Amino acid sequence: MPVPPLLALRGIRKRFGAVEALADVELEIRAGEIVALMGDNGAGKSTLVKVIAGVSPADEGVVRWEGRTVRVRRPHEAHALGIATVFQDLALCDNLDVVGNLFLGRELRRAGLLDEVEMERRTRDLLGSLAIHVPDLRARVATLSGGQRQTVAISRSLVGEPRLLLLDEPTAALGVQQTSRFLDLVEMLRDRGVGVLLISQNMGDIKAVADRVAVLHLGRNNGFFDVSTASQEQIISSITGVTSPPGATRRTAHARRGER
Amino acid sequence: MNGLRRALRSGTEAAGRRLRGGEPGVLPVVVGVLVIWSVFQILNGNFLAPRNLSNLSVDIVGAGMIAVGVVFVLLIGEIDLSVGSVSGLAAALFAVLNVQHGMAEWLAVVIAVLSGAAVGSLHGFLIARVGAPAFVVTLAGLLGWNGLMLYVLGAGGTVNLDEDSLIGKLTGHYFHEVAAAYGLAAAGSVLCFLVYYRDRRRRRAAGMSHRPLAEIAVRTGAVALVAFSAAHVLNRFQGLPLALLAFLLVVGGLDLVLRRTRYGRKVYALGGGGEPARRAGIDVVRVRVSVFMLSGTMAAVGGLFLASRITSVSQTSGSSLLLMNVIAAAVIGGTSLFGGRGTTWSALLGMLVIQSIASGMSLLGIQSAVQFMITGGVLLAAVVIDTVARRTRREHGRA
């Protein structure tokens with residue numbers, strides 16, 4: 001019997017009033033796999049991330065975690081499964097310091113009280129292992145630069161040893177060197193068996209690390225590609241909505257459903 | 001000696017850096033208290049007399065208890081305008097149940113405090129679950145609970161309390177033994193030292209930056225100086241007031257809750273914006289409701305202390321002047337109106353400023369009209385400092 005995927009979405013539907021943000025969306029992420037999620041602005045990428053993270057649950061559809069159907073209606077239900085997220089807007093608490101943000105919602109305690117020393121030590125070690133430099137771990141994150149804030153958000157997603165990592169444009173505010181270091185990190189996590197969903201506009205980054213690409217167009221699946229065989233042009237035409245040329249290895253959501 | 005000098009210098013530099021970065025801390029309000037005390041002492045030599053300062057320390061307790069609850073509400077970025085009326089209602093309930101219906105005193109106290117908690121929970125439910133704006137919900141509470149208080153008090157309007165009863169002793173009892181006040185001062189100083197010292201030892205063991213011993217000595221010394229001076233002054237009048245002891249325990253205890261527990265961390269996180277806290281998995285609704293419940297509870301507790309101070313409950317209990325004073329106290333003490341920053345100590349420090357002005361004015365025989373104007377001016381100054389500090393932080397922050 002084949003191993004069920006870490007996360008499988010079927011028929012996900014999400015409406016905001018009259019606008020249908022997601023319609024009949026499917027997605028599978030396996031452990032130890034990096035799936036890139038691509039699409040034009042407004043294609044529903046961030047909405048899908050928020051659905052998986054339990055921030056803004058789907059109106060319809062089934063979420064399966066390792067083969068069993070689960071409810072992810074609130075953020076802490078996603079955390080409990082081992083889903084960690086770097087949101088596009090980072091979602092940091094500006095008035096808390098770096099340590100406070102990293103451990104928010106899962107603070108370490110000692111004799112019932114917060115163990116600030118241990119939390120700071122782990123923060124230092126984690127940032128060190130990621131080669132991230134933040135001058136003052138006790139600085140409120142509001143005082144940090146955009147790049148530093150992004151590295152804080154990334155490190156926060158790694159604190160609980162996640163099994164599935166959702167990354168919504170995680171490198172938008174990073175420099176060239178930081179980005180390549182970050183991509184190394186994502187590959188290292190993949191090799192450790194973490195499933196990764198990576199949203200990015202940068203085709204170069206995606207070609208470099210992703211195993212598969214899932215494309216959304218106007219809230220619907222518009223193709224799944226194998227990065228090693230699909231051409232850049234095929235992916236781009238799928239993103240923009242232009243029909244792929246015949247003979248492409250494009251598989252539509254419809255065809256996938258037929259397979260089973 | 002050299003280490004001490006270095007510690008003092010680095011301390012002043014750090015304070016200056018925080019000030020320029022928009023984190024004024026407790027420095028402005030401490031300077032404010034010293035200025036106010038100096039001015040009044042020059043104008044009237046009796047201001048700093050043990051008797052006056054001792055009375056001052058008891059006078060701040062009632063409103064100060066209410067202000068502690070308001071600090072929590074301000075921390076999550078909300079406002080509670082009902083605390084004055086709720087304090088009056090709780091006091092009236094106690095007085096009517098105990099004095100007019102002959103209910104056991106402890107039971108009447110419990111019911112009064114629980115009624116404050118219930119009223120606060122109701123506000124919290126309407127604000128956090130239903131989504132009504134806190135400003136309007138608690139404004140309705142301001143009017144409604146004041147009405148209920150008048151109804152409970154009935155035609156008589158005023159209920160006198162027994163000075164020798166439990167409630168009378170809340171503000172009437174003093175620990176006359178000299179050892180009580182000094183013991184408290186010593187305990188506070190030792191505790192302060194131990195907290196700093198153990199923190200330093202663990203941080204050093206983990207190879208992290210830690211405070212130099214000289215700095216710990218200076219900080220502990222400063223706390224000890226204030227504590228023992230206060231104890232000395234109190235002992236020259238009647239000793240340590242029970243009310244002050246209770247207030248210090250509440251402020252210190254809730255400070256521990258805010259800064260060193262998961263619950264406190266959630267409260268601060270809400271002040272940084274509800275959405276990031278929610279996405280971190282925090283049950284935002286529950287924390288909000290609990291904060292309003294705490295605010296109502298502390299209002300009731302404060303109301304009992306205020307009633308004890310004048311040994312009566314009347315139709316003027318829980319006035320809107322009281323509301324103004326407690327919100328002003330929290331803000332003057334350094335709690336931000338914009339949420340997310342402040343400590344319970346700001347309730348104590350802010351109340352000290354307001355009560356010092358009131359006490360000094362009455363010593364000088366100045367009418368309350370002038371007193372209102374000056375307190376209003378101080379509140380305005382505090383809000384301006386808060387706003388400018390916030391703007392400075394923004395400019396320093398995300399440039």
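Student: Let's start with burial. What share of the 399 residues of chain B count as buried?

Tutor: Here, buried means under 20% relative accessible area. In this predicted model, 48% of the 399 residues of chain B pass that test. For chain A, buried residues make up 56% of its 260 residues.

Student: OK, so which kinds of side chains should I expect to find inside?

Tutor: In soluble globular proteins, nonpolar side chains tend to be buried together. Now the case here: the largest nonpolar core has 97 residues. B:Phe94, B:Phe247, B:Val313 and B:Val326 touch the most other members.

Student: Which helix gives the largest share of this core?

Tutor: That's helix α3 of chain B, residues 50–75, which supplies 16 residues. Another core, of 49 residues, lies apart from it, and A:Phe103, A:Leu130, A:Leu165 and A:Ala210 are among its members.

Student: Let me zoom in on one residue. Which residues is B:Val326 in contact with, leaving aside neighbours within four places in sequence?

Tutor: Look for B:Ala63, B:Ile66, B:Ala67, B:Val70 and B:Val83 around B:Val326.

Student: And how do I read contacts for a whole chain?

Tutor: Ask how far apart in sequence the partners sit. Take the contacts in chain B with a separation of 6 or more: 78% of them come from residues 24 or more positions apart. In chain A, 64% of the contacts between residues at least 6 apart join residues at least 24 apart.

Student: What helices and strands do the chains have?

Tutor: Chain B has 16 helices and 4 strands. Its radius of gyration is 22 Å, close to the 21 Å that the globule rule gives for 399 residues, so chain B is as compact as a globular protein of that length. Chain A has 9 helices and 12 strands. Its radius of gyration, 19 Å, agrees with a compact globule of 260 residues, which would be near 18 Å.

Student: Can we try one helix? How many residues of α1 in chain A are buried?

Tutor: Helix α1 of chain A, residues 45–52, has 6 of its 8 residues buried, so to speak "mostly covered". They are A:Lys45, A:Thr47, A:Leu48, A:Val49, A:Val51 and A:Ile52. Just after this helix, A:Gly54 takes a positive phi of about 75 degrees.

Student: Last one: how far apart are the mean positions of the positive and negative charges in each chain?

Tutor: In chain B, 34 positive and 17 negative charges have mean positions 13 Å apart. In chain A, with 34 positive and 31 negative charges, those mean positions are 5 Å apart.

Note on methods. Residues are numbered from 1 along each chain as its sequence is written. Chains are lettered from A and ligands numbered from 1 in the order in which they are written. This is a predicted model: local features need pLDDT of at least 70, side-chain atom pairs count only at pLDDT 80 or more; totals for chains, interfaces and linings use all residues. Side-chain values use heavy atoms; hydrogens and water are left out. Helices (H or I, at least four residues) and strands (E, at least two) are DSSP runs, numbered from the N terminus. The radius of gyration is taken over C-alpha atoms; the globule rule is 2.2 Å times the number of residues to the power 0.38. Buried means under 20% relative accessible area, exposed over 50%, partly exposed in between (1.4 Å probe, protein chains only). Contact means heavy atoms within 4.5 Å. Lys and Arg count as positive and Asp and Glu as negative; His and the chain ends are not counted. The place of a charge is taken as NZ of Lys, CZ of Arg, CG of Asp or CD of Glu. A nonpolar core is a set of buried Ala, Val, Leu, Ile, Met, Phe, Trp, Tyr and Cys residues joined through side-chain atoms within 4.5 Å.
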